[in-house]
Amino acid sequence: MKVDMDKLVSLCKRRGFIFQSSEIYGGLSACWDYGPLGVELKRNIKEMWWRDMVRERDDMVGLDSSVLMHRAVWSASGHEEGFSDPLMECKACHQRWRADDTKDSRCPDCGGELTEPRMFNLMFKTFFGPVEEEAAAIYLRPETAQGIFVNFANVVDTSRKKLPFGIAQIGKAFRNEITTGNFIFRCREFEMMEIEFFVKPDTAGEWFSYWLEERQNWYIKLGINKENLRLHQHGEDELAHYARVCYDIDYLFPMGWSELEGIADRGDFDLAQHAKHSGKDLSYFDPDSGERFLPYVIEPSAGVDRAALAFLVDAYDEEPDKNEIRVLLRLHPDLAPVKVAVLPLSRNESLVPMARDVYAAVRKCFTTQYDDAQSIGRRYRRQDEIGTPLAVTIDFQSLEDSQVTIRERDSMKQIRVPVAELTRTLELKLSGEPLEVLPPGGKYWLGFEG
Ligand code: ATP
């Protein structure tokens, strides 16, 4: 089902995924704080990206460049000149709008007349060092990509990588967006996961298609419904100043189809600009052909926050449950903030030592929550709502036969397994083994849903 944004925002706040920044002071718009569950979700997204894009590939290395860079970087890259959006101001209520978000030169809020658009640079400016003067002005990076380009020669010299290869980076970026809203879709401070993939110029087309496919498959592998993804090719008027070709991977967000990730063929624009402005040779020597040239670059550029929003929207579901509604997040186990809940059937003292032992063993292997407050049914629902894939229940019979129940979030089916087999079984189920496959001594179970 498609959840509306208000419902999702409310769940995220209520359950500790995402809070408004500086909330107790009235909030800071388009800045968000990730709470105890949100931080786990976000870390998992980044971890999976790093696993799939860097660790498991031979043709990728990582980087962590600084947020603050020499001002010349942004002059060479064209950001000082061109990283701007057209801004229009309402003559009646003085709200400012991005021209793309308005129709017929009228204020979307009060219908007032808008001024002519003027270009507004989206980079945040601050001062470097103790003197607040223009000569000390510096920018917070609006993308992580430039940190990669200016380190291209360092990486080539030290990593012994040959073309084609990529440099990947995850980090914060800042954009003084004109129009914000739609929860974490458009923030002024956000995180990016970017790859600059360097290739021989005559292979750029093939690699572009490869990354378009690869990146869509990554979202699908982690649970996004294929039907909710589509490609959008940028027309001439939409292309950024550096791009030869650009596609967006759009996702069907609650407010409609919008960009989730951008894939651009940047040609040799960035390396050529930095070579020219820095005076350093950034060409690549190809040992196979004996030629020296500037590689072309294919850039898959994704936002962590937008990905988090897409994963949450896609996972949200509601089902009738007796006289109530069961709300659940069908998050992929790799992304779920909590993997396993350990739930003693009741707070009866005799159950506590065994439940605590099970908790101690399980938490060593997986992010785990222990919960003994309220009825078992209520506790299952609480875990469903935060997307916990598996719950382990310890009951009175467990004390006799050293067996516990594993209950699956999506199907609500249960199996009974010996404690000795528990962590191994949980690991297999979290990696996709069907619940019905039983470990030695395991059996199906008609358990307690409360
Ligand atoms: P938009 O058109 O939505 O402003 P963009 O085309 O400027 O996005 P890119 O520069 O291609 O975005 O950035 C790459 C990715 O970074 C986007 O696909 C998105 O996932 C993420 N991103 C960009 N701007 C923001 C933002 N203000 N808040 C959250 N994520 C963002």
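## A first charged pair

Let's start with R98, which is buried, at a relative accessible area of 14%. Here buried means under 20% relative accessible area, exposed means over 50%, and partly exposed is in between, using a 1.4 Å probe and protein chains only. R98 forms a salt bridge with D101, with the closest N and O atoms 3.9 Å apart. D101 is partly exposed, at 36% relative accessible area.

Before going on, two notes on the model. Residues are numbered from 1 along each chain as its sequence is written, and side-chain values use heavy atoms, with hydrogens and water left out. This is a predicted model, in which local features need pLDDT of at least 70 and side-chain atom pairs count only at pLDDT 80 or more, while totals for chains, interfaces and linings use all residues.

## Salt bridges across the chain

Side chains of opposite charge can pair when their charged atoms come close. A salt bridge is counted when a side-chain nitrogen of Lys or Arg is within 4 Å of a carboxyl oxygen of Asp or Glu. By this rule there are 47 salt bridges.

R244 and D265 make one of them, at 2.9 Å from N to O. R244 sits in the loop between β11 (229-233) and β12 (245-253) and D265 in strand β13 (residues 256-267), so the pair ties together parts 21 residues apart in sequence. Helices (H or I, at least four residues) and strands (E, at least two) are DSSP runs, numbered from the N terminus. R244 is partly exposed at 46%, whereas D265 is buried at 2%.

D401 and R416 also form a salt bridge, with their closest N and O atoms 3.7 Å apart. This pair links distant parts of the chain, with D401 in helix α12 (residues 396-401) and R416 in strand β23 (residues 414-418), 15 residues apart. D401 is partly exposed at 28%, and R416 is buried with a relative accessible area of 0%. There is also a network of salt bridges that includes D317, R326 and D410.

## A buried glutamate

Now meet E194, in strand β10 (residues 189-199). What is the nearest side chain of opposite charge to the buried E194? R266, 5.5 Å away, and E194 has no salt bridge. For charge, Lys and Arg count as positive and Asp and Glu as negative, while His and the chain ends are not counted.

E194 does have polar contacts through its side chain: one of 2.6 Å with the side chain of T144, and one of 2.7 Å with the side chain of S301. A polar contact is a pair of N or O atoms within 3.5 Å; within protein, one must be able to donate a hydrogen and the other to accept it, and residues adjacent in sequence count only if both atoms are side-chain atoms.

## Around the ligand

The ligand is surrounded by 16 residues (each with a heavy atom within 4 Å of it). The closest are E177, R186, C187, E259 and L260. A polar side-chain atom of R186 is 2.7 Å from a ligand oxygen atom, and a backbone N or O atom of G303 is 3.0 Å from an oxygen atom of the ligand.

## Backbone details

The peptide bond from L163 to P164 is cis, with omega near -5°. P164 lies in the loop between α6 (152-159) and β9 (165-174).
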